[in-house]
Amino acid sequence: MDKINTVIFDMDGVIFDTERIYLEAWTEVFDKYGYKMTKEVYTSVMGVGRKNVINTFKRIYGEGLPIDKMYKEKDDILFNRIENGTVPTKEGVYELLKFLRENNYNIALATSAKRERVDKHLKESNLEGVFNVSVCGDEVEKAKPNPDIFLKAANKLEVDSENCIVVEDSLAGVKAAYNAGMLVVNIPDLRDYDDEMKKFSHKVFKNLIDFKEYLNFQINY
């Protein structure tokens with residue numbers, strides 16, 4: 001940990017409490033079209049990027065799934081929630097980011113979400129300009145669990161992978177950070193911490209406050 005000078009955050013389920021909203025939106029849209037969305041299906045595609053989500057849904061529900069229409073309707077629900085200010089941040093976000101800036105950490109955002117939505121989230125939550133760099137899903141060719149998005153964030157910051165710790169909630173994200181040669185902390189959201197998560201994670205924390213206390217201990221130990 002003495003080498004760590006950079007913290008890279010996933011967005012959905014880590015900075016914003018969006019995974020539950022996603023699940024609610026998908027459930028609503030799937031019901032409308034006569035299909036059933038489950039928590040198990042949704043958590044299996046968390047963080048993997050839109051193309052992989054579409055391919056997985058078609059594999060599960062059949063090629064006849066009108067996924068393009070369904071995706072647009074899901075996106076509309078989410079954008080309405082953002083603009084209405086009803087997408088909360090996760091517990092401890094502002095406290096942790098303030099602590100990192102005060103202690104001269106590099107801070108990056110690396111998310112599978114598209115740039116348009118990321119910018120809306122950051123603006124609505126007064127987090128514009130907090131992150132030194134951000135990398136979005138439409139800026140890399142290969143989605144998580146490939147390491148590209150985290151490697152690009154590190155490259156933008158001109159830091160080595162061994163200097164980075166990544167905060168993730170999804171299995172795909174945890175694997176991606178591990179594959180990038182970075183330390184990974186898992187803060188479970190919809191998907192519970194299990195043996196597979198444990199295999200790739202350096203630590204697991206209940207929330208961002210606990211992660212902040214861990215970093216504070218490392219600094220002052």
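Is N186 buried or exposed? In this predicted model, N186 is buried, with a relative accessible area of 0%. The residue sits in strand β5, which covers residues 183-186. Setting aside neighbours within four places in sequence, N186 is in contact with E168, D169, V174, Y193, M197, S201, K203, V204 and F205. One of these partners, D169, gets a closer look further down.

First, the overall picture. The protein chain is built from ten helices and six strands. Its C-alpha atoms fit in a box of roughly 55 × 35 × 30 Å, taken along the principal axes. For a chain of 221 residues, a compact globule would have a radius of gyration near 17 Å, and the protein chain, at 17 Å, agrees with that. Of those 221 residues, 51% count as buried. The exposed surface comes to about 10900 Å², with carbon and sulfur atoms supplying 44% of it. As for how the chain folds back on itself, take the contacts with a separation of 6 or more: 67% of them are between residues 24 or more positions apart.

The protein chain splits into two parts. Domain 1 takes in residues 6-16 + 88-220, while domain 2 runs over 19-84. The C-alpha centres of domain 1 and domain 2 are 23 Å apart. Where the two meet, 19 residues from domain 1 and 18 residues from domain 2 take part in the contact.

Next comes the interior. In soluble globular proteins, nonpolar side chains tend to be buried together. Here, the largest nonpolar core has 56 residues, and the members that touch the most others are F9, I15, W26, F57, L100 and F211. Helix α1 (residues 19-32) is the top contributor to this core, giving six residues. The core also draws on both parts of the chain, with at least three residues from each of domain 1 and domain 2. F211 is worth a stop along the way. Apart from neighbours within four places in sequence, F211 is in contact with V7, L96, I165, V167, V185, I187 and F205. There is also a second, separate core of 23 residues, and its members include A108, A153, M182 and M197.

What about the cysteines? A disulfide is a covalent bond between the sulfur atoms of two cysteines. The structure holds zero of them. C136 is in no disulfide, and the nearest cysteine sulfur, which belongs to C164, is 17 Å away. C164 is likewise in no disulfide, its nearest cysteine sulfur being that of C136 at 17 Å. With a cut-off of 2.5 Å between the sulfur atoms, a separation of 17 Å rules the pair out. C136 has 0% relative accessibility, so it counts as buried. C164 also has 0% relative accessibility and therefore counts as buried.

Back to D169, the partner of N186 mentioned at the start. D169 is placed in the loop between β4 (164-168) and α8 (171-179). Although it belongs to a loop, D169 counts as buried because its relative accessibility is 1%, under the 20% limit. Leaving out neighbours within four places in sequence, D169 is in contact with D10, D12, G13, V14, E19, M46, N186, I187, D189 and M197. M197, listed there, is also in contact with N186 and is one of the residues of the second core. In contrast to these contacts, the C-alpha atoms of D169 and N103 are separated by 24 Å, with the two positions 66 residues apart along the chain.

A few spots in the backbone also stand out. A cis peptide bond joins K144 and P145, with omega at about 15°. P145 is placed in the loop between β3 (133-136) and α7 (148-157). N104 is not a glycine, yet its phi is positive, at about 65°. This residue, N104, lies in the loop between α5 (93-102) and β2 (106-111). With a relative accessible area of 70%, N104 is exposed. E158 tells a similar story: phi is near 60°, a positive value in a residue other than glycine. E158 is found in the loop between α7 and β4. At 74% relative accessibility, E158 counts as exposed.

Definitions and conventions
Residues are numbered from 1 along each chain as its sequence is written. This is a predicted model: local features need pLDDT of at least 70, side-chain atom pairs count only at pLDDT 80 or more; totals for chains, interfaces and linings use all residues. Side-chain values use heavy atoms; hydrogens and water are left out. Buried means under 20% relative accessible area, exposed over 50%, partly exposed in between (1.4 Å probe, protein chains only). A nonpolar core is a set of buried Ala, Val, Leu, Ile, Met, Phe, Trp, Tyr and Cys residues joined through side-chain atoms within 4.5 Å. Helices (H or I, at least four residues) and strands (E, at least two) are DSSP runs, numbered from the N terminus. Domain bounds come from an automatic or database domain assignment. Contact means heavy atoms within 4.5 Å. The radius of gyration is taken over C-alpha atoms; the globule rule is 2.2 Å times the number of residues to the power 0.38. Accessible areas come from the Shrake-Rupley method with a 1.4 Å probe; for residues, only the protein chains shown count as cover.
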